[in-house]
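Student: I'd like to take a close look at a single part of this structure. Could you walk me through one strand and what surrounds it?

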Amino acid sequence: MSFPRDRMRRLRQSDSLRRMTRENEVRIDDLVLPLFVVEGKGVRESISSMPGVYRFSVDLLVEEAKRVAGLGVPAVILFGIPDVKDDQGHGADAPDGIIQRAVSALKSAVPELCVMTDVCLCEYTDHGHCGLVDGELVLNDPSVSRIASTALSHAQAGADLVAPSDMMDGRVSAIRQRLDDAGFEQVPIMAYSAKYSSAFYGPFREAAESTPQFGDRRTYQMDPPNRREAMREMRADLDEGADILMVKPALAYLDVIADARAAFDVTIAAYQVSGEYAMVHAAAERGWIDGDRAMAEALVSIKRAGADIILTYAAADFAERLREE
Ligand code: PBG
């Protein structure tokens, strides 16, 4: 390429030329909206660190899901916040647990909406860890068995897809086996495969009341500086039967998304987490950035890196904006 023959600005001159030469776009069909569900009736609690995000009781969750489906968003992923927590996380796989009731209500009211469930124990354990503990130790194999039965109970309630986020070793194959044995061989698994131990989960832990009561998640979630290790995690999950691989968080891990896109021929998902959402809103509230543009730019960067599916708290807002254009 040589100047003056080549002039990069030629194709940037007008909106129509820019539209034609645009390489990536975020479609409404790419989006998954995370939703928090709590006990009670008529509940719609705001979350201070996540403007525009609420905790809904099942009745209002159904209304929100109708609105979201009406905007064309294809899927939601549910996080349950039970009233009672215990050291075994019994609420996680209770047949009448908060998620199980939410899933069946959503599937009967909005059957066309894909209902995904986050499979983890942290919202249900009183210690706030993603698995079972012995003293300060987070146990692997006993946790995997609880997590597999949680996934099965979600499938029995009608979940269209289960998404384990616990980061225990071997949980994907345990879930696959448990689902297949019970006749749910058609329920896909979206594995949170490269899930890092991240400061960007801060607002989520307020929303889900799932902050660990001791220690942190560094013995099971990945160490942020590691890139090769993410490939091993993803390969392992694929071998164990994952249908979709996820990288989480998104913005600080775009290299990992790009690596995953290059190495695997499966659908790649990325989770724009609570802290990523909160940062944009906080800066926009102060008038420091244009929130809508910053959000659109962050979302398209995730697509450009190679993700097919984006889980984002901005899914409904973004879909609304796309439809207005
Ligand atoms: C549960 C889970 C977490 C998130 C998704 N599933 C929290 C965590 O691992 O601490 C984070 C989502 C977000 O920050 O938006 N294990």
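Student: How many of the residues of strand S10 (residues 244–248) are buried?

Tutor: Happy to help. This is a predicted model, in which local features need pLDDT of at least 70 and side-chain atom pairs count only at pLDDT 80 or more, while totals for chains, interfaces and linings use all residues. Residues are numbered from 1 along each chain as its sequence is written, and side-chain values use heavy atoms, leaving out hydrogens and water.

In strand S10, 5 of its 5 residues are buried (under 20% relative accessible area, 1.4 Å probe, protein chains only). Strands here are DSSP runs of E with at least two residues, and helices are runs of H or I with at least four, numbered from the N terminus. Ile 244, Met 246 and Lys 248 lie on one side of S10, with Leu 245 and Val 247 on the other, and both faces are covered.

Now for the neighbours. S10 pairs with strand S9 (residues 190–195) in the parallel sense over 5 bridges; pairing requires at least two DSSP bridges between two strands. Within that pair, Ala 191 stands opposite Leu 245. Strand S11 (residues 267–272) also runs parallel to S10, joined by 4 bridges, and Thr 267 in S11 is the bridge partner of Ile 244. From S10 the chain passes through helix H8 (residues 254–263) to S11 in a right-handed β-α-β crossover, meaning that the path from the first strand over the helix to the second runs clockwise with the strands pointing away from the viewer.

Finally, the ligand: Lys 248 of S10 is among the residues that come nearest to it, along with Lys 195, Arg 205, Ser 274 and Tyr 313.

Note on methods. Buried means under 20% relative accessible area, exposed over 50%, partly exposed in between (1.4 Å probe, protein chains only). A residue is near a molecule or strand if one of its heavy atoms lies within 4 Å of it.
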